[in-house]
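The following note sets out points for consideration on the structure shown below. Each point may be checked directly against the coordinates.

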Amino acid sequence: MIKHLRLLAILVLFVAGFNSCADKQDDLGLSSEILQKINKLGFNPENAFAIDGGYIVEGDIFLTDEDLEGHTHGNLPSLVVGNSEQYHTFNLVTGTPRTIVVTTSGGNITTALSNAINDAIGRYNAENLALTFVRGGSSGGGDINIRVVNTGQYIASAGFPSGGNPYNTIKYAKKYNNYSNGFMTTVIAHEMGHCIGFRHTDWMNRSYSCGSGGSEGQQNSGVRAVHIPGTPTGPDSGSWMLACLSATTNRPFNNNDKTALNYLY
């Protein structure tokens with residue numbers, strides 16, 4: 001699609017080019033107070049919008065009102081400002097080594113989507129990380145539950161870890177559950193990346209993968225964006241955590257992604 005799929009974080013898919021994981025809205029309707037809280041948490045409030053239970057920011061990151069009120073990080077170190085390196089938040093999964101069960105719910109899990117979920121899990125497990133992902137059942141309740149939803153507002157969305165546990169829900173739009181295996185596997189792996197604490201590789205300038213847009217958030221507040229040592233300081237066109245992708249994109253982990261994953265886990 002030659003408009004932009006904003007990953008994750010979720011926006012409207014434009015079938016002409018790149019697509020955003022989350023749909024833009026002309027009238028976002030958010031109060032200045034909410035926008036200020038989003039900004040204070042370390043995210044760019046531009047194009048943020050409300051959905052049931054919270055807000056979507058940066059295309060595919062889901063924040064609740066509790067997130068906006070409750071996240072304080074005290075005296076944390078300053079961050080390195082870079083170009084298109086791999087980045088993580090201060091919210092990571094702890095208690096490793098550990099097994100993370102990935103379940104599904106909501107019905108409408110096509111065979112193609114189910115295969116993509118398995119393949120996304122396989123991509124992580126092939127790296128022999130301190131996190132092992134296993135497929136659970138279809139009635140929810142896993143550490144990360146993938147739920148198919150009937151929406152036109154986004155492709156997929158997720159959040160960041162809390163209390164040392166992965167974010168527990170990935171929402172995947174029903175209208176995209178029969179796309180190519182490479183596309184769906186990339187989207188699921190991307191959202192799983194958010195669930196274990198990764199920010200967008202090009203968070204500082206999303207125009208790199210999206211064609212437009214600037215920095216997604218402040219590096220010195222909220223969840224922050226921490227550069228992962230050993231990853232490049234220049235653009236990384238193949239990273240699975242780039243903010244946008246096309247309808248035909250397939251992004252297995254590149255070498256820099258693998259460095260980032262093994263550094264954290």
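**Points on the model**

1. Tyr263 is partly exposed, with a relative accessible area of 48%. The residue belongs to helix H6, which spans residues 255-264. Its C-alpha atom is separated by 9.9 Å from that of Thr231, 32 residues apart from Tyr263 along the chain. The model under discussion is a predicted one, and the points below should be read accordingly.

2. Asp257 also lies in helix H6. At a relative accessibility of 0%, Asp257 is classed as buried, because the cut-off for that class is under 20%. Thr231 again serves as a reference point: the C-alpha atoms of Asp257 and Thr231 are 7.9 Å apart, with their positions 26 residues apart along the chain.

3. For the protein chain as a whole, the secondary structure amounts to six helices and 13 strands. The chain has 265 residues, of which 56% count as buried. Its exposed surface is about 10300 Å², and carbon and sulfur atoms supply 46% of that area.

4. The packing of helix H3 (residues 111-125) on helix H4 (residues 181-195) merits attention. Their axes come within 8 Å and cross at roughly 55 degrees. The two helices are therefore oblique to each other, since an angle of this kind lies outside the ranges for roughly parallel (under 35 degrees), roughly perpendicular (65 to 115) and roughly antiparallel (over 145). The crossing of H3 with H4 is right-handed.

5. Which residues make the contact between H3 and H4? On the H3 side they are Ala112, Leu113, Asn115, Ala116, Ile117, Asp119, Ala120, Ile121, Arg123 and Tyr124. H4 contributes Asn181, Met184, Thr185, Thr186, Ile188, Ala189, Met192 and Gly193. By class, the residues of this contact comprise 11 nonpolar, five polar and two charged.

6. Two backbone features should be inspected. The peptide bond from Thr96 to Pro97 is cis, its omega being near 0 degrees; Pro97 is situated in the loop between strand S6 (87-88) and strand S7 (98-105). Asn128, although not a glycine, has a positive phi of about 50 degrees. Asn128 is placed in the loop between H3 and strand S8 (131-135), and with a relative accessible area of 67% this residue is exposed.

7. Val101 is part of strand S7 and is partly exposed, at a relative accessible area of 28%. Apart from neighbours within four places in sequence, the contacts of Val101 are with Val134, Gly136, Gly142, Asp143 and Ile144. For one of these, Asp143, the C-alpha atom is separated by 5.2 Å from that of Val101, although the two residues are 42 residues apart along the chain.

8. Is Ala48 buried or exposed? Ala48 is buried, with a relative accessible area of 0%. The residue is located in the loop between helix H1 (32-40) and strand S3 (49-51). The C-alpha atoms of Ala48 and Phe62 are separated by 9.9 Å, the two residues being 14 residues apart along the chain.

Definitions and conventions:
Residues numbered from 1 in each chain as written. Predicted model: local features only at pLDDT ≥ 70, side-chain atom pairs only at ≥ 80, totals over all residues. Heavy atoms only, no water. Axes fitted to C-alpha atoms, helices over the stretch in contact; angles between N-to-C directions. Helix = DSSP H or I, 4+ residues; strand = E, 2+ residues; numbered from the N terminus. Left-handed = near helix turned anticlockwise from the far one by under 90°. Contact = heavy atoms within 4.5 Å. Nonpolar A, V, L, I, M, F, W, Y, C, P; charged D, E, K, R; others polar. Buried < 20%, exposed > 50% of the residue type's maximum accessible area, 1.4 Å probe, protein only. Areas by Shrake-Rupley, 256 points an atom, 1.4 Å probe, with all protein chains shown as cover.
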